Amino acid sequence: MIILTDDLFLGVGNHKTVYAHPTDKNLCIKLLHTPDDPDFAKEMRYRKALGSRADKMTLLTKFFGEIETSKGKGYLFERVLDFDGKNCQTMLNVFDDTVANPKILPETEKLLLDFKKTYFDEKFLLAGVDADNYLVQKTSKTARRVRIIDNIGIATFIPLPYYSDYFALKRAKKYWRRFVEQLRLDYGKIFSEDFLRRLETE
């Protein structure tokens, strides 16, 4: 059994409480607020459908199964950290930093264009476009990549996009357009319309 103490607490969301693993800094433990959480079940169905493809997807964090903890059943996940061991920023943090310091706009635009390429290469299936669920991981002093930690999968009874590249790409396009539109609404003052149209183009 893994003993979870208060000093290991990382954060709490609408569906889960997250703790650092006590002996492995690269792992975290998620505890569900309710055992039948539909958001978590949706993500697990997606991971199961992906099978070995999940290991090749850089946007998706790794999942290592269930464990018993002092606070009940836990789920063991990769903990996303920067190359130097520090906590990652969320994409929302990056946007707010860009508002405060427009000089970093070219770096932020590159991050988004790289994210777009990976997102469509992997045909990633989302249930929402909240930038707070996207971590920006520094893999070196000069390189960054996006990792997605929540709102993963789809809730339909027969999830055709899980088994068909055609339907997966169709849904990916739909959610990407939503993501860009949210950028336009929230950060239209820092991203030019020319850039947003470029980002939006499939």
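## A tour of salt bridges and cores

Select K73 and E66. They pair in a salt bridge, with 3.6 Å between the closest N and O atoms. This is a predicted model. Colour the pair by accessibility. K73 counts as partly exposed because its relative accessibility is 41%. E66 reaches a relative accessible area of 51%, so E66 is exposed, the cut-off being over 50%.

**Next stop: helix α1**

Select K42 and D39. Here the closest N and O atoms of the salt bridge are 3.2 Å apart. Are these two residues buried or exposed? Both K42 and D39 are buried. Now show the backbone of helix α1. K42 and D39 are about one helical turn apart, because 3 residues separate them in that helix.

**Next stop: helix α5**

Select R197 and D194. Their side chains form a salt bridge, at 2.6 Å from N to O. Both residues belong to helix α5, where they sit 3 residues apart, about one turn of the helix. R197 has a relative accessible area of 42%, so R197 is partly exposed. D194 is exposed, because its value is 56%.

Keep that pair on screen and widen the selection. Which residues are linked with R197 and D194 in a network of salt bridges? Add E181, R184, E193 and E200 to complete the network. In total, the structure holds 13 salt bridges.

**Next stop: the largest nonpolar core**

Hide the charged side chains. The largest nonpolar core has 41 residues. Start with M91, F115, Y119, F179 and F191, which touch the most other members. Then colour the elements that give this core two or more residues:

- helices α1 (38-50), α2 (91-100) and α3 (105-122)
- strands β7 (134-138) and β8 (144-148)
- helices α4 (165-187) and α5 (193-200)

Which element gives the largest share? That is α4, with 8 residues.

Now centre on F191. Leave aside residues up to four places away in sequence. What does F191 touch? Its contacts are F95, L105, T108, E109, L112, L183 and L196. Show these side chains together with F191.

**Last stop: a second core**

Select L4, L8, I29 and I67. They are among the 9 residues of a second core, separate from the largest one. Display both cores in two colours to finish the tour.

Definitions and conventions:
Residues are numbered from 1 along each chain as its sequence is written. This is a predicted model: local features need pLDDT of at least 70, side-chain atom pairs count only at pLDDT 80 or more; totals for chains, interfaces and linings use all residues. Side-chain values use heavy atoms; hydrogens and water are left out. A nonpolar core is a set of buried Ala, Val, Leu, Ile, Met, Phe, Trp, Tyr and Cys residues joined through side-chain atoms within 4.5 Å. Buried means under 20% relative accessible area, exposed over 50%, partly exposed in between (1.4 Å probe, protein chains only). Helices (H or I, at least four residues) and strands (E, at least two) are DSSP runs, numbered from the N terminus. Contact means heavy atoms within 4.5 Å. A salt bridge is a side-chain nitrogen of Lys or Arg within 4 Å of a carboxyl oxygen of Asp or Glu.
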